[in-house]
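Hi,

Here is the structure I said I would pass on. Have a look at it, and then read on for what turned up.

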Amino acid sequence: MSPDHPPGLDLDRLRGLLDRERPGLVTGPLSGRLIEGGRSNLTYAVTDGTARWVVRRPPLGHVLATAHDMKREHRVISALHPTDVPVPRPVLLCEDEEVLGAPFYVMEFVEGTPYRTAEQLAPLGPERTRAAVLNLVDTLVGLHAVDPAEAGLADFGRPEGFLDRQLRRWAKQLDASRNRDLAGIDELHATLGRELPRSPAPTVVHGDYRLDNVLIGGDNDEIRAILDWEMSTLGDPLTDLGLLAMYSSPLGMPDSPVSTTAQAPGHPAPAELIERYAARSGRDVSAVAWYTAFAWFKLAVILEGIHYRYTLGQTVGRGFDRIGDLVPVFIEHGLTTLQEG
């Protein structure tokens with residue numbers, strides 16, 4: 001780790017806060033580095049040479065309206081840590097913007113690997129890959145088994161009308177980035193609206209549950225921690241299942257800038273993941289095609305937003321020039337999923 005202060009992380013001020021709030025926790029000079037791979041919030045690994053921690057804060061130049069994200073993330077991992085759901089141990093929440101320029105929280109550092117691509121999974125081999133992905137399903141079942149009230153999360157969201165609000169939210173996002181014709185996207189949105197399923201009892205929903213948002217490690221490739229809780233809320237648990245099924249489906253596009261792990265040898269097919277979830281959770285998953293199609297729609301909207309910002313010159317980097325070509329693929333997958341049920 002570099003002893004320099006990474007952007008957005010004043011290590012002297014952080015040390016002062018930790019010494020005041022957690023006396024004796026830090027035993028030496030702090031150094032830190034930015035952990036790559038985060039999408040919106042920034043994640044840093046910090047060490048005193050003996051122990052390690054993780055600091056999560058909003059992106060540089062964030063607006064005050066998003067400051068509550070850190071509090072929500074800290075709240076949900078604090079509530080889930082005493083349960084069987086694997087989350088990092090929270091250390092503290094700081095809402096004083098004088099320390100780092102934005103609210104942030106500190107949690108324990110958990111050893112493990114986030115597998116983002118089929119290529120990264122390949123060295124595990126088919127048997128270990130299969131076991132890891134099935135364990136991902138079992139861990140999701142465990143998350144959805146937590147009683148929100150018992151965990152102190154009874155007011156963590158508004159489950160009534162959850163699916164309708166989600167659909168309207170992402171349609172609004174789409175309208176904000178429309179600058180070209182996208183064949184089929186309005187049909188996909190309209191069909192989802194007409195066939196809105198009836199939600200089961202609400203649970204804590206992760207909101208972005210997939211293989212690269214968990215850390216896998218240990219001799220048994222166990223899931224050691226679920227990360228990135230910024231989209232978590234109370235809502236329909238099958239939205240998590242639909243998203244997991246979507247990310248477990250082959251895109252059929254070689255060298256895609258957005259990849260799934262589906263092509264890794266040994267990776268279970270979405271149908272097997274859905275069947276395992278149903279068997280272990282006891283939930284009715286007969287409407288899972290809707291939830292999977294909704295996941296395709298949601299990702300199509302996200303990718304179109306990225307493409308729109310790219311056309312305006314607001315997004316630079318490798319692969320962004322090809323994001324726009326992916327959007328019709330996601331739309332087609334969504335329509336096909338609904339048609340085939």
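Let's start with one residue: Asp221 counts as buried, with a relative accessibility of 9%. You'll find Asp221 in the loop between β7 (214–217) and β8 (222–226). Its backbone is worth a look too, since Asp221 has a positive phi of about 50° although it is not a glycine. For background, most residues other than glycine have a negative phi. Asp228 is another case: its phi is near 55°, again positive in a residue other than glycine. This one sits in the loop between β8 and β9 (233–235). Please keep in mind that this is a predicted model.

Now for the overall picture. The chain folds into 11 helices and 9 strands. Its radius of gyration is 20 Å, close to the 20 Å that the globule rule gives for 341 residues, so the chain is as compact as a globular protein of that length. If you line the C-alpha trace up along its principal axes, it spans about 60 × 45 × 45 Å. Of the 341 residues, 50% count as buried. Among contacts between residues at least 6 apart in sequence, 70% join residues at least 24 apart.

As for the surface, the chain exposes about 16,100 Å², and carbon and sulfur atoms supply 49% of that. There are 34 positive and 47 negative charges, and the mean positions of the two sets are 2 Å apart.

Next, helix α1, which covers residues 11–21. Which of its residues are buried? They are Leu11, Leu14, Leu17 and Leu18. These four cover an arc of only 120° around the axis, which puts them on the same side of α1. The spacing fits a general rule: an α-helix has 3.6 residues a turn, so residues three or four places apart point the same way. Turn to the other side of α1 and you'll see Asp12 and Arg20, both exposed. What covers the buried leucines? The cover includes the strands β1 (31–34), β2 (42–47), β3 (52–57), β4 (90–94) and β5 (104–108), along with helix α3 (97–100).

The loop between α5 (125–144) and α6 (162–176) is a good place to go after that. Ala145 is found in this loop, and with a relative accessible area of 61% Ala145 is exposed. The C-alpha atoms of Ala145 and Gly28 are separated by 41 Å, and the two residues are 117 apart along the chain.

Pro159 has its place in the loop between α5 and α6 as well. At 22% relative accessibility, Pro159 counts as partly exposed. What does Pro159 contact, leaving aside its neighbours within four places in sequence? The answer is Arg165, Pro202, Leu234 and Gly235. Val204 is 45 residues from Pro159 along the chain, and their C-alpha atoms are separated by 9.8 Å.

One last stop is His307, in helix α10 (residues 288–311). Is His307 buried or exposed? At 13% relative accessibility, His307 counts as buried. Apart from neighbours within four places in sequence, His307 is in contact with Arg180, Ile323 and Gly324.

Happy browsing, and write back with any questions.

Cheers

Note on methods:
Residues are numbered from 1 along each chain as its sequence is written. This is a predicted model: local features need pLDDT of at least 70, side-chain atom pairs count only at pLDDT 80 or more; totals for chains, interfaces and linings use all residues. Side-chain values use heavy atoms; hydrogens and water are left out. Helices (H or I, at least four residues) and strands (E, at least two) are DSSP runs, numbered from the N terminus. The radius of gyration is taken over C-alpha atoms; the globule rule is 2.2 Å times the number of residues to the power 0.38. Buried means under 20% relative accessible area, exposed over 50%, partly exposed in between (1.4 Å probe, protein chains only). Contact means heavy atoms within 4.5 Å. Accessible areas come from the Shrake-Rupley method with a 1.4 Å probe; for residues, only the protein chains shown count as cover. Lys and Arg count as positive and Asp and Glu as negative; His and the chain ends are not counted. The place of a charge is taken as NZ of Lys, CZ of Arg, CG of Asp or CD of Glu. The arc is that of the directions from the helix axis to the C-beta atoms.
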